[in-house]
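Visitor: Please take me closely through the charged side chains of this model and their surroundings. I would like one connected account.

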Amino acid sequence: MARFTTMRLLVSGLLVSAGGVAAQGAQKGLHELMVGAGKLFFGTAMDTNNFNDSAYQVIASNKNEFGLFVPENSQKFEPTEPREGDFVFTSPDAVASKAKTGGQMFRCHALIWHQQLPSFIQTTQWTKETLTAAMQEHISSVMGHYKGQCYSWDVVNEALNENGTFRNSVFFNVLGSDYIPIAFKAAAAADPSAKLYYNDFNLETGKAKADAAVKIVQLLQGQNVRIDGVGLQAHMKVGSTPSVSSLMTTLNRFVSMGLEVAYSELDIAHTKLPADTAALQQQARDYVTMVNSCLGVSKCVGITVWQFTDKFSWIPSTFKGQGEACLFNANYTKKPAYTSVSSVL
């Protein structure tokens, strides 16, 4: 804990004065520094739409900078099974191959989600038996294809509303909450070596939602169904990041249940664009807060950013007037956030 406190104080000074320590910290990549701090990875989302950008690839392929890849979209239900029983793996295979070639880890995302579903899932008149069979076939086939390649799988993604109730989805509407243990049982059978995660957003900021995520873990553990981790997506807003102690308390709720945790989709968006100097410094402080909270929890195994450059961030197309959420700007220049994260590591 003393080391953790010292690092927080150090980076506070760096934010007001770009000194030699920041320059020294920047000599090593984020993944290399994260591993040196006792964690497993600092990674990034990417996908095949990024492959033709040579400047992007130079940064992404540096395993010292990003030691883990996760396919941003191409491994979800609709892209991998667009028609019932017809499986397509071309794009996620390409990401997996790039990770293997570069000596980088591969995190897999996501098996059961209420969005990006193929039409046959949305339009079929399912019974409990037929939907269970369809879920099991999808999970078995997709995980079987990547068996032994994935550090972890997001088995169920975003099952909860903000008030802690279950989202209305085809899975919940037909199977109720049973769809979650059905999915995790199938995943455990399909690849015993992959870590199995529940993944969601706003667990860091919403107590009702975090309480409900705890209940999902309890549901699975109560049925002796394997769950290994919780991914906290960490889609944050500049100036609205919780304190380090609050974040650590949330992470430790899941760790106390025998799980590991990770920040699985980190970005910190500006709500007013373009960001001025003060806003960029606040974003840097917010990124440091997120990193320090992971450093302060032994079973927080790593951090994945949801794209490292503003050029390919999902934020502007989803939230009008917001963006510039990443560690690099759209021209691949490192922001103050990058320098501060590098320094704290």
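Guide: First, a cut-off. A residue counts as buried under 20% relative accessible area, as exposed over 50%, and as partly exposed in between. Keep in mind that this is a predicted model.

By that scale K311 is partly exposed, because its relative accessible area is 44%. Its salt-bridge partner is D53, and the closest N and O atoms of the two are 2.6 Å apart. The pair links distant parts of the chain. D53 sits in the loop between β1 (41-46) and α4 (54-60). K311 sits in the loop between β10 (300-305) and α14 (315-318). The two residues are 258 positions apart in sequence. D53 has a relative accessible area of 12%, so this acid is buried. One partner is therefore buried, and the other is partly exposed.

This is one of ten salt bridges in the structure.

Stay with the loop between β10 and α14. D310 is there too, and forms a salt bridge with K335, with the closest N and O atoms 2.7 Å apart. K335 belongs to the loop between α14 and α15 (336-344), so the bridge ties together parts that are 25 residues apart in sequence. D310 counts as buried at 13% relative accessibility. K335 is buried as well, with a relative accessible area of 7%. The loop between β10 and α14 also holds Q307. Q307 is not a glycine, yet its phi is positive, about 80°. At 1% relative accessibility, Q307 is buried. As background, most residues other than glycine have a negative phi.

Now to K209. K209 pairs with E162 in a salt bridge, the closest N and O atoms being 2.6 Å apart. K209 lies in helix α11, and E162 in the loop between β5 (152-157) and α9 (170-175), so the bridge ties together parts 47 residues apart in sequence. The lysine, K209, is buried at 0% relative accessibility. The acid, E162, is partly exposed, with a relative accessible area of 41%. A network of salt bridges links E162, D200 and K209.

What, then, of E204? E204 is in the loop between β6 (195-200) and α11 (207-222). E204 is buried, yet has no salt bridge. The nearest side chain of opposite charge is K209, 8.1 Å away. A salt bridge needs the nitrogen and the carboxyl oxygen within 4 Å, so that pair does not qualify.

Backbone nitrogens do approach E204. The backbone nitrogen of A234 lies 2.7 Å from a polar atom of the E204 side chain. The backbone nitrogen of N202 lies 3.3 Å from a polar atom of that side chain. Leaving aside neighbours within four places in sequence, E204 is in contact with L232, Q233, A234, M236, P242, L247, T250 and Y263.

Two of these contacts lead to β9. M236 stands opposite I268 in β9. Y263 stands opposite I303 in β10.

Strand β9 spans residues 260-269, and ten of its ten residues are buried. Its neighbours run parallel to it. Strand β7 (residues 229-232) is joined to β9 by four bridges, and the two run parallel. There, G229 has E260 as its bridge partner in β9. Strand β8 (residues 235-237) is joined to β9 by three bridges, also in parallel. Three bridges join β9 to β10, again in parallel. The connection from β9 to β10 brings in a helix: β9, α13 (residues 277-295) and β10 make a right-handed β-α-β unit. In the loop between β9 and α13 lies P274. The peptide bond from L273 to P274 is cis, with omega near -10°.

Another cis peptide bond joins H109 and A110, where omega is about -5°. A110 is found in strand β4 (residues 108-112).

One last stop lies between α11 and β7. N224 is in that loop. Like Q307, N224 has a positive phi without being a glycine: about 55° for N224 and about 80° for Q307. N224 is exposed at 74% relative accessibility, whereas Q307 is buried at 1%.

Back to the charges. K209 has E162 as a salt-bridge partner, while E204 is buried without a salt bridge and has the backbone nitrogen of A234 2.7 Å from a polar atom of its side chain.

Note on methods. Residues are numbered from 1 along each chain as its sequence is written. This is a predicted model: local features need pLDDT of at least 70, side-chain atom pairs count only at pLDDT 80 or more; totals for chains, interfaces and linings use all residues. Side-chain values use heavy atoms; hydrogens and water are left out. Buried means under 20% relative accessible area, exposed over 50%, partly exposed in between (1.4 Å probe, protein chains only). Lys and Arg count as positive and Asp and Glu as negative; His and the chain ends are not counted. A polar contact is a pair of N or O atoms within 3.5 Å; within protein, one must be able to donate a hydrogen and the other to accept it, and residues adjacent in sequence count only if both atoms are side-chain atoms. Contact means heavy atoms within 4.5 Å. Two strands pair if DSSP finds at least two bridges between them. A crossover is right-handed if, with the strands pointing away from the viewer, the path from the first strand over the helix to the second runs clockwise.
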